[in-house]
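Here's a walk through one protein model, from the whole chain down to a handful of residues. Keep the viewer open and click along as you read.

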Amino acid sequence: MTTSLEEVYQRYESSSGVSTDTRSIRPGDLFVALLGPNHDANHYAAKALASGASFAIVDRADVAIDERYILVDNGLSMLQSLARLRAKKWSKPIIGLTGSNGKTTTKELLSAVLSVSMKVASTPGNYNNHIGVPLTILNADTAADLMIVEMGTNQPGDIELLCDIAQPNLGLITNIGLAHLERLGSPQGIFEEKTALFRSVVSRTGRLFLNIGDQLLQTWPTGATDHTYAHDRCGYGELIQLESPDGRVRFKVSDGGVIQTNLSGDYNMSNIAAALTVAHYFDIPEELALNAIATYEPHNQRSQVMHTDRNVIIADAYNANPSSMGASIQSFASTYPNENLLVIAGDMLELGDKALVYHREVLQQLKDLDLPSITVGPLFQQAGGGTLIGVNHAEESKLVELLSSYEGKTILIKGSRSMRLERLYDFL
């Protein structure tokens with residue numbers, strides 16, 4: 001006989017957290033066995049228990065051999081149901097966050113500015129899918145004052161599902177860009193998918209943080225209790241971007257002092273504005289919020305400025321789509337107008353039948369800006385390749401040989417995560 005949700009939830013409440021990976025089991029965790037395309041985690045339930053898990057949720061009767069195993073109909077459904085129930089019981093704010101570009105950076109900035117006076121639980125890394133969101137909710141510290149839940153999508157219905165699980169009462173969409181076109185079809189399709197977050201928040205009479213600097217998000221009707229921002233304005237006032245000698249974003253709010261950040265790329269101004277607008281809503285003192293922005297250190301190859309022994313690398317190789325690629329290249333060209341520049345661009349994936357069109361547009365942009373370029377991947381190769389070299393794989397010896405000869409360059413590295421362009425850093 002399978003175990004009911006209420007009974008499993010009681011076991012969850014007495015646990016130290018939830019895990020779906022035996023490699024990260026903590027003593028007292030509740031292990032949930034999930035069925036993947038190439039594995040059945042029911043086979044690892046015994047290992048989870050041996051590693052310290054208090055109970056193992058499984059969905060195969062032959063595995064549930066004693067009282068330490070909790071038999072359910074479906075492991076994934078139970079994981080999501082547990083998270084949904086916890087979100088409904090959570091009496092504090094839940095901020096749902098999505099967008100085509102910048103959502104993880106914005107999440108990190110939000111966490112930084114809110115943490116100056118609040119205890120914040122937020123999505124670890126990029127745990128923003130149908131498994132990561134439930135884990136975020138279930139592992140959020142009970143003592144937290146609010147929860148930030150990042151939500152990703154690559155097909156219609158994803159955001160609606162994640163909102164049903166997370167039950168957000170505050171919503172923020174960073175922007176609507178050209179991402180996951182293969183399944184979402186068009187900018188309007190992306191808009192409809194992303195704004196499922198707004199519709200979910202509105203259904204709970206919540207509040208929205210609206211980027212009115214985004215062409216499509218401008219069309220969303222603003223409610224009386226909603227809060228707007230753009231790259232040049234935030235909750236504290238006008239945002240004024242200033243020239244930077246080293247490429248890192250510098251700005252001030254209205255007539256205030258200059259804030260020097262560790263972020264690269266002027267497209268981060270809207271991410272900063274979003275974080276500051278939410279901070280203003282939560283009554284974070286302006287000086288503390290700005291200091292949090294100034295001291296935030298980017299990581300995971302998102303807008304990082306890295307100095308090697310020979311070159312300066314602008315590392316933005318965590319993800320890429322046509323809109324983020326175009327913005328990164330434009331910002332790079334305008335930020336370093338007199339430098340010895342190079343762009344290393346990796347393929348952009350999940351673009352459907354227009355993939356080559358978008359890759360050709362990037363190559364044309366590089367040509368128009370007179371930026372020397374190296375391209376990595378078969379799509380750029382088919383589209384014409386870079387002005388210096390175009391290769392199919394980052395491991396090719398001719399690419400390594402070329403990179404090893406460079407010195408004194410400022411180099412933008414941008415591409416989809418699966419291209420693993422970070423492997424090139426060692427040669428620069």
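What follows starts with the overall picture, then moves to the cores, one helix, and some individual residues.

**Ground rules**

This is a predicted model, so local features here need pLDDT of at least 70 and side-chain atom pairs count only at pLDDT 80 or more, while totals for chains, interfaces and linings use all residues. Residues are numbered from 1 along each chain as its sequence is written, and side-chain values use heavy atoms, with hydrogens and water left out.

**The whole protein**

The protein has 15 helices and 20 strands. Both are DSSP runs numbered from the N terminus: helices are H or I with at least four residues, strands are E with at least two.

How does the radius of gyration fit with a compact globule? A compact globule of 428 residues would come out near 22 Å, and the protein has 23 Å, which agrees. (That radius is taken over C-alpha atoms, and the globule rule is 2.2 Å times the number of residues to the power 0.38.) Along the principal axes, the C-alpha trace spans about 70 × 55 × 40 Å.

Of the 428 residues, 54% count as buried. Buried means under 20% relative accessible area, exposed means over 50%, and partly exposed is in between, with a 1.4 Å probe and protein chains only. The accessible surface comes to about 18500 Å², and 47% of that belongs to carbon and sulfur atoms. These areas come from the Shrake-Rupley method with a 1.4 Å probe; for residues, only the protein chains shown count as cover.

Now for contacts, meaning heavy atoms within 4.5 Å. Among contacts with a separation of 6 or more, 63% come from residues 24 or more positions apart.

As for charge, there are 34 positive and 48 negative side chains, and the centres of the two sets lie 2 Å apart. Lys and Arg count as positive, Asp and Glu as negative, and His and the chain ends are not counted. Each charge is placed at NZ of Lys, CZ of Arg, CG of Asp or CD of Glu.

**The cores**

A nonpolar core is a set of buried Ala, Val, Leu, Ile, Met, Phe, Trp, Tyr and Cys residues joined through side-chain atoms within 4.5 Å. Which residues have the most contacts inside the largest one? They are I57 and I137, in a core of 45 residues. Apart from that core lies another, of 37 residues, including L109, F209, C234 and A292.

Leaving aside neighbours within four places in sequence, I137 is in contact with Y12, A83, R86, A87, M147, V149, I165 and A166.

**Helix α9 and what covers it**

Helix α9 runs over residues 196-203, and its buried residues are A196, L197, F198, S200 and V201. Their cover includes strands β5 (94-98), β8 (170-173) and β9, along with helices α6 (158-166) and α8 (187-194). Just after α9, T205 takes a positive phi of about 55°.

**Two more positive phi values**

S254 has a positive phi of about 50° although it is not a glycine. The residue sits in the loop between β13 (248-253) and β14 (259-264). S254 is partly exposed because its relative accessible area is 27%.

D283 is also not a glycine, and has a positive phi of about 60°. Look for D283 in the loop between α10 (268-281) and α11 (286-295). With 66% relative accessibility, D283 counts as exposed.

**Buried helix residues, and a loop residue**

| Residue | Place | Relative accessibility |
|---|---|---|
| H359 | helix α13 (355-368) | 0% |
| L49 | helix α2 (45-50) | 9% |
| L290 | helix α11 | 9% |
| A224 | loop between β9 (207-211) and β10 (227-229) | 89% |

H359 counts as buried, and, not counting residues up to four places away, touches D347, M348, L351, L379, F380 and A383. L49 is buried too; beyond neighbours within four places, its contacts are S54, F55, A56, R68 and Y69. With the same neighbours left aside, L290 is in contact with F251, V253, I259 and L276.

Is A224 buried or exposed? At 89% relative accessibility, A224 counts as exposed.

Some distances to try in the viewer, C-alpha to C-alpha: A224 and A33 are 45 Å apart in space and 191 residues apart in sequence. L49 and L216 are 49 Å apart, with their positions 167 residues apart in sequence.
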